[in-house]
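The following exercises concern side-chain packing and a pocket in a protein model. Each task is followed by a worked solution.

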Amino acid sequence: MALSYSAKKAYKKAAKQKKKRQRGHWLLIQKGDSVKEICSKLFTQFALLVLIVCIAILANEARLSISTKLLNGSLKDIYYELSGGENHGELTGAAKKLLEINPDTVGWVHIDDTNVDIPVVQRTGEDGNSYYLETAFDGSKNKAGTVFLDKRCVLTAKERSDNLILYGHNQKDKTMFGDLAYYKHDLEYYKEHPVIEFSSNYGTSTYKIFGYFVTPVEKYQTADGVIFDYHNYIELDSKDRYNEFIDNIMARTQIINPSVDVEYGDEFLTLSTCSNEFEPSRFVVFARKVRNGEEAYVDVSQAYVNENAKEPDWSVIYG
């Protein structure tokens with residue numbers, strides 16, 4: 001039996017609406033959807049939103065990582081092209097160029113065969129120890145930041161603090177101070193990387209690593225409420241202060257190398273970065289400057305793991 005004009009029109013309208021619903025049925029909420037369908041679509045929309053946000057975050061992280069590596073690479077080209085030679089208290093050629101890019105430049109830190117091969121800056125003022133946490137060397141915003149010298153340290157052509165403390169992020173892509181994590185509980189890595197070179201704007205010095213460890217930074221993370229505030233040992237202007245500094249390091253260090261001795265009057269370099277054992281925690285590397293007339297070579301044949309090292313109070317931290 002032939003359909004009437006009105007019946008055909010109603011049929012076409014219903015078919016059109018059905019087709020429209022079919023095109024978006026998996027995502028868009030439409031008239032006539034059941035409660036179950038609505039809930040399913042809301043969940044799908046939420047999942048898609050989360051996926052888009054995650055992709056955006058990962059893309060941004062990749063962009064920042066690539067930006068950091070490109071910047072570090074270009075700065076290395078500048079530094080190594082212009083570095084070298086004795087300067088007798090005058091600015092090095094590399095320092096002059098880097099100072100043009102960033103007037104906060106104070107030096108360059110280098111560990112052979114690692115990504116620790118980067119410029120060091122220092123900023124004074126209230127934000128001195130926070131500004132470069134998320135600011136790249138060229139002034140752009142970047143979570144990788146820039147390695148910086150503690151704002152309280154003195155480093156000029158004629159003066160320097162007894163202990164220079166450098167801070168840098170523990171980056172997952174191993175830029176900045178990310179490679180320092182390889183030292184943890186790894187004697188062989190230490191034996192392959194026992195020295196640090198730190199060049200100020202006026203010349204280069206070599207430092208022999210003699211200790212490193214993970215440490216808490218808050219009193220509530222310890223059983224006795226006492227922490228080693230290594231970052232406050234900048235001027236070791238008395239034997240008592242010096243002894244406190246060294247005794248705390250030697251009690252905690254994961255490795256001991258008898259060939260690297262320390263004595264009152266030595267100059268030190270400390271590298272500090274975040275650690276991932278607990279939050280907040282730090283991994284800290286301590287090195288002693290090569291003395292006048294001393295060889296820069298480090299004998300690692302006698303180095304060993306410190307089985308009696310004072311560990312963080314794990315039961316307090318995780319308890």
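**Exercise 1.** In this predicted model, determine which residues Leu98 touches, not counting residues up to four places away in sequence, and decide whether Leu98 is buried or exposed.

*Solution.* Step 1: Leu98 belongs to helix α3, which spans residues 93-101. Step 2: with residues up to four places away in sequence left out, Leu98 touches Leu75, Ile78, Tyr79, Thr105, Trp108 and Phe137. Step 3: the relative accessible area of Leu98 is 2%. Because buried means under 20%, Leu98 is buried. Step 4: as a check on distance along the chain, Asp138 lies 40 residues from Leu98, and their C-alpha atoms are separated by 9.9 Å.

**Exercise 2.** Identify the residues that touch the most other members of the largest nonpolar core, and list the contacts of Leu166.

*Solution.* Step 1: the core has 65 residues, and those touching the most other members are Val109, Leu166, Tyr190, Ile196 and Leu271. Step 2: strand β6 (residues 203-216) contributes the most to this core, with 6 residues. Step 3: beyond four places in sequence, Leu166 touches Val109, Val120, Val147, Phe148, Leu149, Phe177, Phe198, Leu269, Thr270, Leu271 and Ser272.

**Exercise 3.** Characterise the lining of the second largest pocket.

*Solution.* Step 1: the volume of this pocket is about 390 Å³. Step 2: 21 residues line the pocket, and Leu133, Phe148, Tyr167, Ser272 and Arg282 are the closest to its centre. Step 3: by class, the lining comprises 10 nonpolar, 8 polar and 3 charged residues. Step 4: strand β8 (residues 268-274) gives the most to the lining, with 3 residues.

Definitions and conventions: Residues are numbered from 1 along each chain as its sequence is written. This is a predicted model: local features need pLDDT of at least 70, side-chain atom pairs count only at pLDDT 80 or more; totals for chains, interfaces and linings use all residues. Side-chain values use heavy atoms; hydrogens and water are left out. A nonpolar core is a set of buried Ala, Val, Leu, Ile, Met, Phe, Trp, Tyr and Cys residues joined through side-chain atoms within 4.5 Å. Buried means under 20% relative accessible area, exposed over 50%, partly exposed in between (1.4 Å probe, protein chains only). Helices (H or I, at least four residues) and strands (E, at least two) are DSSP runs, numbered from the N terminus. Contact means heavy atoms within 4.5 Å. On a 1 Å grid over the protein atoms alone, a cavity is a set of points where a 1.4 Å probe fits but cannot get out, and a pocket is an open set with protein on both sides within 12 Å along at least five of seven lines; lining residues have an atom within 4 Å of a point. Grid points are joined across faces, edges and corners, and a volume is the space filled by probe spheres set on the points. Ala, Val, Leu, Ile, Met, Phe, Trp, Tyr, Cys and Pro count as nonpolar, Asp, Glu, Lys and Arg as charged, and the others, Gly among them, as polar.
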